[in-house]
Amino acid sequence: MLYIQALSDIQHLSKKLSQPSRWHETGFLSPTASATRNCHPTIETAMPASIDKRRTIRIRRSSLLDCNLEGLDKPAIKTAETLDEYTRAFRLVYDEYLQSNYTHPHHSCMHYNIWSMLPKTSVFIFKSAQDVVCTLTHIVDSEAFGLPMDSIYKPEIDTLRAQGRKIIEVGSLVTQRMRRWSNMLMYLAKAMFQYSMIINANDIVITVNPKHVRFYKDIFLFKEFGETRHYDYVNAPAVALRINLDEAVDELKQKYSTDGDFETSNLYSFFVRMNNTDNVVARVQEGNSAQKNLPLDPLCVHYLLQQRPELLDSLDEGQRNYMESVYPQALSEHFSTPPPEPARSHQLDMLKLGNRDSYADTAFCRNLGLVNYAEQRRLLRARVAIAGLGGVGGSHLMTLVRTGIGNFNLAEFDAFSPVNVNRQYGADSASFGRSKLDVMVEHGLGVNPFLDIRTFPEGITPDNLDTFLKDVDIVVDGLDFFELNTRRKMFNRALELGIPVITAAPLGHSCALLAFMPGGMNFDEYFDITDETDSTEAYLRFGMGLAPRPTQLGYMDRRFVSLPDRRGPSLDIACHICAGMAATEAMRILLGRKGLSAAPGFRQFDPYTRTFRQGRLTHGLRSPWQRLKLKVARTLFLEPQPVGAVPPSHPGVAAIQQPVSHEALTYMARAAGQAPSGDNVQPWRIHMHEADLHIYAARAEDTSFFNYRQVATLLACGAAVQNAVYAAGSLGLDTTPDIFPDEGDNDLVATLHCTPLGGAFHEIMDAALWRRHTNRRMYATRPVPEEVRERLDHMAGENRDAALAWTTDRRQLRRLAHAVYLADRVRVERRDMHEHLMRFIRFAPKTGPYGDGLPLRNLHAGFAGEAYLRLIRPWAVMHVANMTGLGRLMPLHSARGVLQSGGVALLLAHGTDDPAWLRAGMAWQRVWCGLEHMGYAMQPLAALPLLNLRLLLGERETLSPTHAALLDKAWGIVRSALPHPDGMTPLMLFRVGLARPIRNRTFRHPLARIMRA
């Protein structure tokens, strides 16, 4: 490897995670302002040596070489080799360039040029597992192609060429936006710099946005050699910079060399030093033998040119001849139009399989013995319609293709996303954002290139239903479980046309199968569903009809099933079983074999329980026995809907390069307002402007004694910011919060600028934030697993926002229960805190959709507890209760909650200022939404940490000596039960465990109430 030292440094750093640094790259060679400020750029004129020396010292002491690898999986530096690595790198460049307006939208969602495919070009990548998180492209000058920057700086480049110099152009420097502070690019730059020296390059040239020139000159010692010009390729002004490698080593040594070593950020040793100097020198002396000169894989080039065929249109004759000589198969008849046949056709011709019959005879010969030759030919002539190519649909297609079915009608309108990976055949990291139909057609043709496929990219609609069913021998249902209206119309119309329909549902580990035959019971009769049936009731009936004697209920966690929310678990295991059972029945019907059990016959096979169940519902779900079972099922799956704030309708994914809609910003604002806050006071205000969402702290909303130095307000505002980020992602909007952006307005806590990316992300967290709620039930005492705690630790630690300290030990939980009891005694014994709480408990039943405070039922105190709260509402009564000891019932209840939990955690902030507290609030909300997604309940225990802050930050006099003593004792318990570093600030205690969601939740103000003019 040419990059031994860079990799060695990465391995060293992966063992010792460094602090986050200030380097950031967003596309067109552009460090952020913070990175530029960090290196203290100089003015263009000459400076006194003393000033230059001081600047050099500051650079040496900077954090440019601190590479933060936290959250990376198997970090590695290499050059791209596979199609997956190239496409990931080019998509990363495209995403960042698009957000910076350096490129235009393109259907390929990749950014590259013809130089990217030249044999001597190297695409350097920094990988985290399979993901590419940082990249740069290293282009060697050539006589035929020159360099990309020839388009605006050819005279300057030609001057270097005339001197016989070997020139390298570096471009497409991009770091994944979420890794902007990681300094990965410094390590790619090191690999590139050393590689350039190994291949005897004389010059490295780049084009830089003028506003970032100083950074590159001061840090990397680039020199200008071209004036500012407009660069059409990136639609931005550019300045040409150059490093003379013949002089670079001496200049770096003069500038940065000290008596220190790499650990003291010595840029000279960082860029110049290698692991095995003698070996490297030997390779350098060999000339260009170490230089990359390998063409890309032809299939890789073929794919890249299919995505951007226009790259070939601008080539001159010599360039075309060169590309055809290097990639003859990939470029065959490729100029401006795709090749008339797939690339595999050459291989098929070589194998004498160039026609449908010869291919089928060979490809499906192993089916013989289970079907005879005549039956195999009948399957080849059959046409199967598959509606939906997601979970079961994709597996249905591939199983039927390998069975030998030769003709398909396929309907699917959706695109693949990460949430499909667990069960959908075509879902992988390379297919995200691509049409499911296109991907599955490719997979099908990959198995049998002679398939006859009719596609319906708009899915099934009333207008195309008959066309979809035309010439079809059988229909196989692959629609989503909750697409009942479309399913009903398709089933009933197919049966009217005399076409059989098979449905196979993945339920748990099992498959439940039904076959509907013309002349038999139809869909509506079997499931007892009509146009008037409520949608949620229809979902229940569909599920019960699929598996009248269900095998999966005994092991399925019903907390993850919500028919009203159209949510339920699924497994790839079950999808494959469904594909096998459905294909078996399809073959039985197509070949006229015996053994078919049509509806009202049902079957369910469950390998997990080793159970096969079958039977007949002669009257479908209309029989008295089935109606009784439905009544029981309603109690299990149709619990009363939660009472509280109603989630808004999702406006859909924003179109790329289009203005951010008012509806999208409104959805983000509603999500921000869904954040938790102390006593649900909702201490935030929101302002929408163009593509920006501004979130302000409404500091006057929370006047409680808890809200010391506005910590509670800023925690709540941080949660609101995180909610807005999650909501933006679900809309396909990229946004990174700018924390406290205006030094003159301390109430403006964050600005979120939104950029459409064209694809949704954060979907699971967006769904979780609307379900998230404080759950005051008693939890199961089963300890929170280590794997859950590790994941939550990582979520809290993103961007070094916060950290968590955990305990699940029963002894420590008993001690913490006592600590919580002591702190709650302070809360109930202070008049101001008691009256504040009572002011925000809503004792009267809710009469409207909006509000603040805590509904009485939300406290989950039970009949006796609610009566107690009503009784002690006046302070006079509470004061008497405290004197008689009855006031301690509330602290005892809080202590019991700690005992009845699976673990307790402490949220820790990195500092004691407003930004630290805001970031801790963001981390806390990530953890809470993560818990919701994982199926765990959570309740904040705010009294102890927030009261302790007064002692920690030096305002002991605001508490009575008795209460201060109670808090000292309580916090001593916390410090021993939840050890944490002295330099971190504890902000929030919370308990976690398994529990059913509560029904009565909190409300939110109407949007107009929290909007800021």
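**Notebook: strand S5, an open sheet, a surface patch**

I started at Ile206, which stands opposite Leu241 in S7. The model is a predicted one.

I then looked up how the two strands run. S5 and strand S7 (residues 236-244) are antiparallel and share six bridges.

Next I checked strand S4 (residues 167-175). S4 and S5 run parallel, joined by three bridges. I picked out one pair: Ile167 has Asp203 of S5 as its bridge partner.

Is S5 buried or exposed? I found six of the six residues of strand S5 (residues 203-208) buried, so the strand is largely enclosed by the rest of the structure. The cut-off for buried is under 20% relative accessible area. I sorted the residues by face. Asp203, Val205 and Thr207 are buried on one side. Ile204, Ile206 and Val208 are buried on the other, and both faces of S5 are thus covered. I note the general pattern: in a regular strand, side chains alternate between the two faces of the sheet.

I moved on to another region. Four strands make an open sheet with antiparallel pairing, in the order S22-S25-S27-S26. Strand S22 (802-807) and strand S26 (937-941) are the edge strands, each pairing on one side only. I looked up the turn between neighbouring strands of this sheet: 30° on average, direction ignored. S22 pairs with strand S25 (residues 903-909) over six antiparallel bridges. There I located Leu804, whose bridge partner in S25 is Leu907.

Last, the surface. Which residues make the nonpolar patch of about 210 Å²? I listed Leu553, Val632 and Leu636. Leu553 sits in the loop between helix H21 (535-546) and helix H22 (572-590). I recorded Leu553 as partly exposed, because its relative accessible area is 34%.

Methods. Residues numbered from 1 in each chain as written. Predicted model: local features only at pLDDT ≥ 70, side-chain atom pairs only at ≥ 80, totals over all residues. Heavy atoms only, no water. Patch = residues over 30% accessible without salt bridge, like charges linked within 9 Å, V, L, I, M, F, W, Y side chains within 5 Å. Areas by Shrake-Rupley, 256 points an atom, 1.4 Å probe, with all protein chains shown as cover. Salt bridge = Lys/Arg side-chain N within 4 Å of Asp/Glu carboxyl O. Buried < 20%, exposed > 50% of the residue type's maximum accessible area, 1.4 Å probe, protein only. Pairing = 2+ DSSP bridges. Axes fitted to C-alpha atoms, helices over the stretch in contact; angles between N-to-C directions.
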